[in-house]
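Colleague: I would like to learn how to read a few features of a model with you. Could we start with charged pairs in helices and then move on to strands?

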Amino acid sequence: RTFRTYTTPNPAQFISLAVDPAGEVIAAGTADPFHIYIYSLQSGKLLDVMTGHAGPVCDLSFHPVRGTLASASWDGTAKVWDLYKREVATEEFGHSADVVCCSFRPDGDELCTGTIGGILSFWNVEDGSLRCEIDGQRDITGGRKNNDRMTANNNAASRYFTSVCYSADGNCVIAGGNSKYICIYEISQQMLLKKFQISFNRSLDGVLDELNSKNLADGGPIDEMEYSGDEADNNHLPGAKRRDDGSRKSRVEVLTMQVAFSSTGREWATVSNEGLHVYSLDDDMIFDPILLTEAVTPGAVQSNLRSGQYGTALVMSLHLNEFALIRQVIEDTPYGSIPHVVRSVGPEHLERLLQCVSKCMADSPHVEFYVQWCLELLQTHGMHMEKHRGSFMRAFRAMHKSVQTRHDELKSVSDNNRYTLDFMEDQTKLLLSAD
């Protein structure tokens with residue numbers, strides 16, 4: 001449900017939105033007037049209005065560390081605003097074409113911007129210098145729409161990136177936009193690493209590279225000749241999807257609205273007019289359809305737990321892939337039986353078990369118990385994980401994060417109670433010496 005609504009003093013259309021990493025401030029850009037409105041997420045009050053752009057503010061991006069905001073506008077500039085120091089001058093990055101997207105690198109030292117010319121520019125945030133540029137117009141070109149007069153290879157117009165995002169390590173960038181392709185570039189070498197086609201749905205406009213020749217004539221597609229003539233051509237507006245207001249036929253054009261990398265760098269997702277697409281380097285299965293028989297049920301898991309067959313119960317719960325059931329089996333396993341249970345787990349379930357142990361450890365008071373699970377998993381299956389480190393890197397990072405977090409918490413508690421522990425130790429020694 002809607003719990004809070006943010007409005008402008010005067011009616012305006014929002015076309016871009018960004019939330020700061022702390023979750024306290026919301027920034028929204030408008031089409032007209034060309035302003036950026038800053039709101040407090042907690043109170044819903046309008047904190048500030050940033051002015052200075054001469055065109056619609058089509059994209060916003062917050063600095064991952066500092067309280068600065070980057071904005072991209074159709075006026076051909078990208079600006080960096082300091083929200084908390086109004087006396088600091090606004091940094092401006094000039095472009096030769098309209099800027100439609102922007103994104104900060106995870107460390108905040110670099111800003112990537114994209115223009116309608118299909119060029120990705122990489123700027124040094126500290127001194128405002130241009131580090132490099134990647135011309136991706138030819139990479140994103142592809143697909144011939146019904147009303148195109150040129151082939152897909154020769155028509156680069158209206159093909160540009162509208163969304164860009166850095167990878168977790170900041171070495172690569174993914175970009176998508178008004179095309180059926182999404183491109184991943186390596187920044188330092190300015191090289192195209194991979195190009196993905198997001199849709200093969202032929203009912204969408206711009207998927208086919210070559211149109212059916214029987215529907216083509218000297219003047220273009222036959223379907224478009226219904227609207228041919230001086231009056232129809234003169235009334236065609238730039239950016240309009242239809243020829244005139246009386247048209248009853250239109251086709252949805254294939255395009256990408258947003259792209260994003262995961263924090264591990266092994267997955268990325270995009271939103272298109274066909275839905276949400278998630279791509280992953282990991283090909284692990286959610287369940288094993290061969291071993292998932294009618295006998296593998298939650299009741300059978302509980303029965304094996306009661307009879308003391310903890311290894312069988314754990315494998316069956318991993319087949320069912322229910323987190324609550326897996327957690328129950330893990331916590332019901334006796335401390336001394338952990339090494340034997342870990343040996344009964346096969347490589348196909350190892351990554352899932354690591355993820356479950358990491359998730360359970362994050363909010364469990366049984367720290368030593370779960371540390372023993374982690375230790376046995378690494379000692380028993382360490383060689384297999386080393387050989388297939390790419391598949392287990394995400395699970396290993398999750399486990400390392402959970403162990404490190406609990407270590408830091410215990411270290412903080414121990415440091416705060418250092419003198420109390422020393423006193424208890426001295427008292428114990430005195431009692432032992434008295435005896």
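Modeller: Gladly, and keep in mind that this is a predicted model. Take helix α10, residues 418-434: lysine 429 and glutamate 425 both lie in this helix, four residues apart, about one turn.

Colleague: What do the side chains of lysine 429 and glutamate 425 meet in?

Modeller: The general idea is that side chains of opposite charge can pair when their charged atoms come close. Here, lysine 429 and glutamate 425 meet in a salt bridge, at 3.6 Å from N to O. Glutamate 425 counts as partly exposed, because its relative accessibility is 41%, between the cut-offs of 20% and 50%.

Colleague: Which residues do salt bridges with shared partners join into one network?

Modeller: Arg105, Asp107, Glu110 and Arg131 are joined in that way. Within this network, aspartate 107 forms a salt bridge with arginine 105, and their closest N and O atoms are 2.9 Å apart.

Colleague: Is arginine 105 buried or exposed?

Modeller: Arginine 105 counts as buried, at 17% relative accessibility. Its partner aspartate 107 is partly exposed, at 38%.

Colleague: And what about helix α9, where lysine 411 and aspartate 415 are found?

Modeller: Helix α9 covers residues 389-416, and lysine 411 and aspartate 415 are separated by about one helical turn because they are four residues apart in it. Their side chains meet in a salt bridge, 3.4 Å from N to O. Lysine 411 is partly exposed, with a relative accessible area of 47%, and aspartate 415 is partly exposed at 47% relative accessibility.

Colleague: How many salt bridges does a search of the whole structure find?

Modeller: The search finds 14.

Colleague: Now to the strands. What is the order of strands in the open sheet?

Modeller: As background, strands of a sheet pair through backbone hydrogen bonds, either parallel or antiparallel. In this model, an open sheet of three strands has the order β19-β20-β21, and the pairing is antiparallel. β19 (256-261) and β21 (275-280) stand at the edges with a single partner strand each, so one side of each is left without a neighbour in the sheet. From one strand to the next, the twist averages 15°.

Colleague: How many bridges join β20 to β21?

Modeller: Six bridges join these antiparallel strands, with β20 spanning residues 267-272. As one bridge to look at, tryptophan 268 has tyrosine 279 in β21 as its partner. The hairpin that joins β20 to β21 runs through two residues.

Conventions
Residues numbered from 1 in each chain as written. Predicted model: local features only at pLDDT ≥ 70, side-chain atom pairs only at ≥ 80, totals over all residues. Heavy atoms only, no water. Pairing = 2+ DSSP bridges. Axes fitted to C-alpha atoms, helices over the stretch in contact; angles between N-to-C directions. Salt bridge = Lys/Arg side-chain N within 4 Å of Asp/Glu carboxyl O. Buried < 20%, exposed > 50% of the residue type's maximum accessible area, 1.4 Å probe, protein only.
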